[in-house]
Amino acid sequence: MLAMHRVGSAGNTSNSSRPRKEKRLTYVLNDADDMKHCAGVNCLAVLKSLPPDGCDYLFTGSRDGTLKRWTLSDNDATFSATFESHVDWVNDAVLAGNTLVSCSSDTTVKIWNCLSDGACTRTLRQHSDYVICLAAAEKNSNIVASGGLGGEVFIWDIEAALLPIAKSVDATEDEISNGNTVIPMTNLRCINASNSLSVHNIQSHGYGPIAAKGHKESVYALAMNDGGTLLVSGGTEKVVRVWDPRTGSKNMKLRGHMDNIRALLLDSTGRFCLSGSSDSMIRLWDLGQQRCVHSYAVHTDSVWALASTPSFTHVYSGGRDLSLYLTDLSTRESILLCMKEHPILQMALQDDSIWVATTDSSVHKWRAEGHHPQKVFQRGGSFLAGNLSFTRARASLEGSAPVPVYQEPSFTIPGTPGIVQHEILNDRRHVLTKDTAGLVKLWEITRGVVVENYGKVSFEKKKEELFEMVSVPAWFTMDTRLGSLSVHLDTPQCFSAEMYAVDLNIFGAPEDLKINVGQETLRGLLAHWLAKRKQRSGSQASSNGDVPLGKDVSVRNLSYSRVEVDDGAENPTAMVLPSFEFSTSSSPSIITEGSHGGPWRKKITDLDGTEDEKDLPWWCIDCVLNSRLPPRENTKCSFYLQPCEGSNVQIHTQGKLSAPRILRIHKVINYVIEKMVLDKPIDGGSSDGSFGLGLSSGQSQLSLIADGSLRTGIKPWQKLKPSIEILCNNQVLSPEMSLATVRAYIWKKPEDLVLNYRVVQPR
């Protein structure tokens, strides 16, 4: 068997028995089109063309956790790659030469080769909280700064961060391909702003960034000059801080804004700085004079995004008021370029156009006249920006709202509507969702597919329509933070739900065969990994002492090996039951972590079989390779079986009975009939009704019936005479109900269930 060892949690000494929270496995479902974002786009970056190919590229980073690359031509944008590794929202992305750097709410900064197929080359784990913003130096493509909610600002030397590190035992998921050899990269953690030392596998020559220390609160905005000699930062402290990024030392602090600073720009020389704030104002600062030289009241709500013309004479601004304005910094003339339906989060100029990212999953390109902004003002409709924030608000109240210059974008990269509402149905295999376009869909989460698209209907009505009186344990949790369904599996809860194989329409399955829903879901998710792993190991035992995989795959210590295809050992996909086969065309991604290296995200079809305990939770591997499940509680239901009042039928089972929660009432009917037939009270019978029922301390184990050992001679329940009814709380139960359902919907009490039986008189 695969050697398993648990890694103690930090601070957990070897003799401590304190339970440790096991790592979680999450899978994120994709509906059809993986070439589109399915949540708001937080950031944009444009890579200008380099001869010979001569095409520009646009990079988008989204709240769906991925970045995408688009090849731009005259009026077109073609999807060309997805960069998938972050496990939470991507908040910002910058280009440093041909290197793409991104940051995320997963607290990491990631480095990518921007023209690659999307593999992450390094993960930098330095921040203690969400990383919100990045800044790069245009002419010094080696320097990138990152800031976040932890109040930390780090300045990274990208080349040094990418240097190969001597191979160590605890290499992580981040690998750099160097010629033909793959050199594992170790994670880097150094001293953060709070001075708590979290050294993680640092080599003597390990790289740590420069820390710019001084922020007491969250950092939301950063900007750097072209040469990388000046860095500005802003956030909830409402001040613009100026730093020397080469040393991390403070230069000055500029006050003026009344609220969170959300956007910053520096001109190429580093003399002038523009800031946009939640106080709705844009300010222009002269860093030489250390003062604010202009303030512009253009917006009626928070300013979240700024972009300037190459000459720094005009600024494009957008934010919460859905509006994109162009303002002349010297004449204070301002004009409304366009209005969106969604708040503007970021903008990027490309020649005479501007790409605009919003809380919607689509990205729009608008005409902007970046090289000749005066052309826009010649159309008329401009106004003079006041210098007090209430002036614009007052103007908008007086009904003198400006008319946008452009009604429609010149080009749109469409996204997929994100899921905003979801309801887990009672069978715990189907989930009803509603997306931003109002479409209501039904998902089968054990296969990761939409089984029904109801169109634009009432979510509440559809939910009521689909209500079923069934009770299944909550074996997963779920959220829609990434715009799609994220299904979270935690051990041991994810193994708490069982179903009968016949209910899953498994051909040839014995009537009483139970399937563990969590286990089969894991098998389905990791089927590709298993197949790849088998290919790699072939018939030789691998170097770390595993048995050859041909053996451990086919070992399913379960009673239904006979249901499987005969060549199960040769064909790992034969191991996956049809109800748990995930799509390979729009396959889900998994988000998880093993014993080393922190969380990661990958498509299930991109797993290459090399992932082991360092990458995947040990309990997932144990479940899939060795069919081992953790001990589980509450798979049984205890109940008493008593005759109805006035019934003349008595069977000899005064003790408490115990059976699987999923046992159907028709099995209880069979049991009563069996006892009536077998238990002729010759000598008073046995008080605990132990006729072949395998007792344990006064509890009859009905599970024997459930597992088929008493089926001999029992005909299908419908045909049996005499006819028996089972009641609970004086309500006749449907033979198809499970004990769990009766307990949840009819008994509704914490005490042991009481069932009554009676003979139905033939009419």
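# Briefing: a chain with WD repeat annotations and a buried helix

The UniProt annotation "repeat: WD", from an unreviewed entry, covers residues 83–113, 124–159, 212–253 and 254–295; UniProt positions are given in the numbering used here, feature names are shortened, and annotations may be inferred rather than shown by experiment. The model here is predicted, so local features need pLDDT of at least 70 and side-chain atom pairs count only at pLDDT 80 or more, while totals for chains, interfaces and linings use all residues. Residues are numbered from 1 along each chain as its sequence is written, and side-chain values use heavy atoms, with hydrogens and water left out.

**Annotated repeats**

- Residues 83–113 come out at 0% helix and 65% strand, with the end C-alpha atoms 10 Å apart.
- For residues 124–159 the figures are 6% helix and 50% strand, and the end C-alpha atoms are 13 Å apart.
- Helices (H or I, at least four residues) and strands (E, at least two) are DSSP runs, numbered from the N terminus.

**Helix α8 and the cores**

- Buried means under 20% relative accessible area, exposed means over 50%, and partly exposed is in between (1.4 Å probe, protein chains only).
- Nine of the nine residues of helix α8 (residues 618–626) are buried, so the rest of the structure largely encloses this helix.
- The buried residues of α8 include Trp618, Trp619, Cys620 and Ile621.
- Right after α8 comes serine 627, which has a positive phi, near 55°.
- A nonpolar core is a set of buried Ala, Val, Leu, Ile, Met, Phe, Trp, Tyr and Cys residues joined through side-chain atoms within 4.5 Å.
- The largest nonpolar core has 46 residues, and Tyr27, Ile445, Leu489, Leu522, Trp529 and Ile590 touch the most other members.
- At least two residues of this core come from each of β1, β38 (486–489), α5 (517–525), α6 (527–537) and α8.
- Helix α8 gives the most to this core, with seven residues.
- Leaving aside residues up to four places away in sequence, leucine 522 touches Leu25, Leu489, Phe495, Trp619, Cys620, Cys623 and Val624 (contact means heavy atoms within 4.5 Å).
- There is also a second, separate core of 29 residues, with Ile651, Ile662, Ile724 and Val754 among them.

**Salt bridges**

- The whole structure has 30 salt bridges, each being a side-chain nitrogen of Lys or Arg within 4 Å of a carboxyl oxygen of Asp or Glu.
- One of them joins aspartate 34 to lysine 603, with the closest N and O atoms 3.7 Å apart.
- That pair links distant parts of the chain, 569 residues apart: aspartate 34 is in the loop between β1 (25–28) and β2 (41–47), and lysine 603 is in strand β42 (residues 600–603).
- Aspartate 34 is partly exposed at 26% relative accessible area, whereas lysine 603 counts as buried at 11% relative accessibility.
- Aspartate 612 and lysine 614 also form a salt bridge, at 3.8 Å from N to O.
- Here aspartate 612 is partly exposed at 26%, and lysine 614 is partly exposed at 28%.
- Arginine 664 pairs with glutamate 736 in a salt bridge whose closest N and O atoms are 4.0 Å apart.
- Arginine 664 sits in the loop between β44 (656–660) and α9 (665–678) and glutamate 736 in the loop between β48 (731–732) and α11 (739–747), so this pair ties together parts that are 72 residues apart in sequence.
- Lys21, Arg24 and Asp490 make up one network through salt bridges that share partners.

**Aromatic rings**

- The count of aromatic pairs is 11: rings of Phe, Tyr and Trp (its six-membered ring) pair if their centres lie within 6.5 Å, and planes under 30 degrees apart count as stacked, over 60 as edge-to-face and the rest as tilted.
- Tyrosine 27 and phenylalanine 582 have ring centres 5.5 Å apart and planes at 80°, so they are edge-to-face.
- Tyrosine 27 is in strand β1 and phenylalanine 582 in the loop between α7 (549–554) and β41 (589–592), so the pair ties together parts that are 555 residues apart in sequence.
- Tyrosine 27 is buried at 0% relative accessibility, and phenylalanine 582 is buried at 10%.
- Tyrosine 325 and phenylalanine 383 are edge-to-face too, because their ring centres are 5.9 Å apart and their planes are at 90°.
- Both tyrosine 325 and phenylalanine 383 are buried.
- Phe59, Phe83 and Trp112 form a cluster through ring pairs.

**Charges over rings**

- Arginine 481 lies over the face of tryptophan 89, 4.6 Å from the ring centre; the rule asks for NZ of Lys or CZ of Arg within 6 Å of the ring centre and within 35 degrees of the ring normal.
- Lysine 749 lies over the face of tryptophan 747, at 4.1 Å from the ring centre.
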